[in-house]
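Grab your favourite viewer and work through these exercises one at a time. Each comes with a solution that goes step by step.

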Amino acid sequence: MGTGSLGRTWPAKNKWQIPGGYENGENINSQSLPIPNQKNGGQRTVHVLHNSEQPASVFAILEYGNKVVPLIADRLFDLVILKMTNVCTDKKQTKIECKGPRFELVDFCIKLGSVTMTQNFKGVLVEIEYRPSVVPANCWELIREFVQGFLGSAVSSQIPQYLQNRMNEIYQPMDTIHQYLEHFGQYRKSTGVI
Amino acid sequence: MEQLQISLSALKVLRSSVGQVFYSLANGIRAEHGEDNKENKYLLELQELLTTVGTNLRDVEQAVNSLNPPPGPFNLGNTAYLGQETTQDRQALYGTLVNVYKWTDKAHEYSNAAHQILSQNSLKRSSMNSNRAKRNRIQTGAHNFSPPQVDQVMASFDRLYSDMSISITRPFTSNAVIHVTLGHVLKAIIAFKGLMMERVVVKSYNEQLDLWSESRYKVFQRVTDHAHATMLHFYNPNFPELTLKSFFAWFHSFISLFSDSCKRCGLYLHSALPPTWRDPKSLDPYHFECKP
Amino acid sequence: MAAPIGTAMDSLSAALKSKIIPNQEYFLQGSILDSAVEVLLHRLRGLCDNVDTGPETFHDHEMCFSIRRGPPPELPLFLRVRRALDYPDMPWQLRYIGQPELGDKSQPTVVRSSLDIATSNTVVEFLTELGCRLDFEYIIRGYMFRKGRMKVTVSKIFKMNQGKLPDGMEPMSQSYLVELSVLAPSGQNAIAEDIRIFAEQLKPLVQLEKINYIR
């Protein structure tokens, strides 16, 4: 499934009566836990994300300097993380949530999420997933054309940064999570919270 | 067989006459014998019955003597095993017999129904030659190729295109079912009868491949329909390899299913579907609605 | 959609409250010499749920990590990662095991909290970057039987061979470790009774009992 996500503030909600599309609500939420410096020095952060497309899994991404280690685990991993948070820090556990309706049109899946960070509205993320294809390079143009159909000229012709090196690899659910994390990171930076 | 029947009936007659003797003995002197000479009449009756028994016995002996003993031990086949385990419960024979009966019944029913439905369609691909001389010779049609020949042909197609790989399985005894993988774009399963294509199912790269279930994506459902149409378009009973060659060339053009735009309208999507139609001659991509 | 969309944490806490998450392990352990293990396997084959093709074998590699939670009086957190060497594509298992509850003597089995989580194969890197330290590792190989909810394993522990030769593994001892365990939500003590009854049936061959780790 090739996916592109675009962060845009997007006002008019009532355009969304696509003939043939149907909706049900979904959400993605994430929690980030910075860990205090240990002997090696450097700031480590663990991001824990849940995606309602994969309800039985928990995604965790550990960032340490330039290293990024992803992990996919069962729902019970949340409990282990809870125990470990006694290890880790106290402060600054920011929670970001992206929640909204989900539409299906033929083989496309469109999700409109409004991003809120601890009750404050930050913006809107639009996620488009083209499910029949597994390699982004094949269908990038196709998705772009589809999105142009309703977002107009606001669509950039640039491939999202995360996907640039991965256009010819098989797409995994973890890639969706990475893209969301990228956008959440941008939201955090814009408010000055890391 | 006749002799056996005769001896068996003679035996029956003997049994019934002996039965009569015991019956009259048990009843003793009855009212029918009248008042006078009851005992004499009774004894006469008994004598008659016993002579009948004697004649019948002679008949039986005669019949049995004329029978030939069987040449050797009987070939019981699998029923010989019945003698080994005498407890009915342990044998589980009844259960399996019932299941076998049900199964053959069902097989009959389904094949009758299938025959009825299939005979309604008078369009057939096989050619029936009613020439008497040729009837005795087995016609080499596309469906009469032997498995090693089919394997060879498929291996040559596998080598022909570098991004298309073909693997052969035979889940239904001698008829081949091939799995075709086209790059990372799609997978297809094609069922054959000899070298003649019977059925194609096209699915996405990450779906489970199976002859009976359709793809869950609309685009691949369309491609499956187009594949069936093309399969019939290219059908030629006299040149099965040419049929296959043209079909695979057409199929290979789907490597650009998501990356090419329609030749006529220039767009990638038409009602949210990519160009799924490939012109059989030029292999140009078109939307189904835009096809020339 | 009219109904409000719940978050993942909501459903998890709801599940915890209704006690459907198996987070306690009830178990008993014992050992048996190599010479007697065949007899034990035969007995287990008879007692346990029928496995037509012979008992299931497993060949796993287990690594134990610990991470400090705070200054010394605090006990470190122990985590175990297990992967199947005979099925390299299966998910890896992350296990959190708590301290066994010090008991009352009336408890027939040892009870400790445990969480079993399936993960992708990047879990070792994840834990090391998180700050966990590898305490020890070993290879374990044996048979697994099932009886109802109970899992019985008869296994041998091997030392890790640096040269990575699978045949040159050195066993740690001349005996097999036998374990009986059940994973269940907290508060189901009847299960402990079941385990004890099963253990009685293995009595003369192997003595399964609560082992006091502190001692």
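**Exercise 1. Work out how much of chain A is buried, then describe its fold along the sequence.**

Step 1: Buried residues make up 56% of the 194 residues in chain A, where buried means under 20% relative accessible area, exposed over 50% and partly exposed in between (1.4 Å probe, protein chains only).

Some ground rules before going on: this is a predicted model, in which local features need pLDDT of at least 70 and side-chain atom pairs count only at pLDDT 80 or more, while totals for chains, interfaces and linings use all residues. Residues are numbered from 1 along each chain as its sequence is written, chains are lettered from A and ligands numbered from 1 in the order in which they are written, and side-chain values use heavy atoms, with hydrogens and water left out.

Step 2: Chain A has three helices and eight strands; helices (H or I, at least four residues) and strands (E, at least two) are DSSP runs, numbered from the N terminus. Along the sequence they run β-β-β-β-β-α-β-β-β-α-α.

Step 3: Take the contacts in chain A with a separation of 6 or more, and 53% of them come from residues 24 or more positions apart. Contact here means heavy atoms within 4.5 Å.

**Exercise 2. Do the same bookkeeping for chains B and C.**

Step 1: For chain B, count eight helices and six strands, in the order α-α-α-α-α-α-β-β-β-β-α-α-β-β. Of its 292 residues, 30% are buried, and 43% of the contacts between residues at least 6 apart in sequence join residues at least 24 apart.

Step 2: For chain C, the count is four helices and nine strands, and the pattern reads α-β-α-β-β-β-β-α-β-β-β-β-α. Here 41% of the 215 residues count as buried, and residues 24 or more positions apart account for 67% of the contacts with a separation of 6 or more.

Step 3: Chain B also has a domain assignment (the bounds come from an automatic or database assignment): domain 1 covers 2–65 and domain 2 covers 142–259. Their centres, taken over C-alpha atoms, are 82 Å apart.

**Exercise 3. Find the largest pocket and say what lines it.**

Step 1: Its volume is about 1,400 Å³. On a 1 Å grid over the protein atoms alone, a pocket is an open set of points where a 1.4 Å probe fits, with protein on both sides within 12 Å along at least five of seven lines. Grid points are joined across faces, edges and corners, and the volume is the space filled by probe spheres set on the points.

Step 2: The lining (residues with an atom within 4 Å of a point) has 47 residues, and the closest to the pocket centre are C:Glu62, C:Arg82, C:Gln93, C:Arg95 and C:Lys151.

Step 3: Several strands of chain C give two or more residues to the lining, among them β1 (24–33), β3 (77–84) and β9 (175–184). The most comes from β2(C), with seven residues.

Step 4: Sort the lining by type and you get 24 nonpolar, eight polar and 15 charged residues. Ala, Val, Leu, Ile, Met, Phe, Trp, Tyr, Cys and Pro count as nonpolar, Asp, Glu, Lys and Arg as charged, and the others, Gly among them, as polar.

**Exercise 4. Is B:Ser215 buried or exposed, and which side chain does its own side chain make a polar contact with?**

Step 1: Look in the loop between β4 (196–204) and α7 (218–233) of chain B.

Step 2: B:Ser215 counts as buried because its relative accessible area is 4%.

Step 3: Its side chain makes a polar contact with the side chain of B:Glu207 at 2.9 Å. Such a contact is a pair of N or O atoms within 3.5 Å; within protein, one must be able to donate a hydrogen and the other to accept it, and residues adjacent in sequence count only if both atoms are side-chain atoms.

Step 4: A polar atom of the B:Ser215 side chain also lies 3.1 Å from the backbone nitrogen of B:Tyr217.

**Exercise 5. Which residues does B:Leu267 touch, leaving out those up to four places away in sequence?**

Step 1: B:Leu267 sits in the loop between α8 (240–252) and β5 (277–278) of chain B, partly exposed at 43% relative accessible area.

Step 2: The residues are A:Glu145, B:Ser261, B:Cys262 and B:His287.
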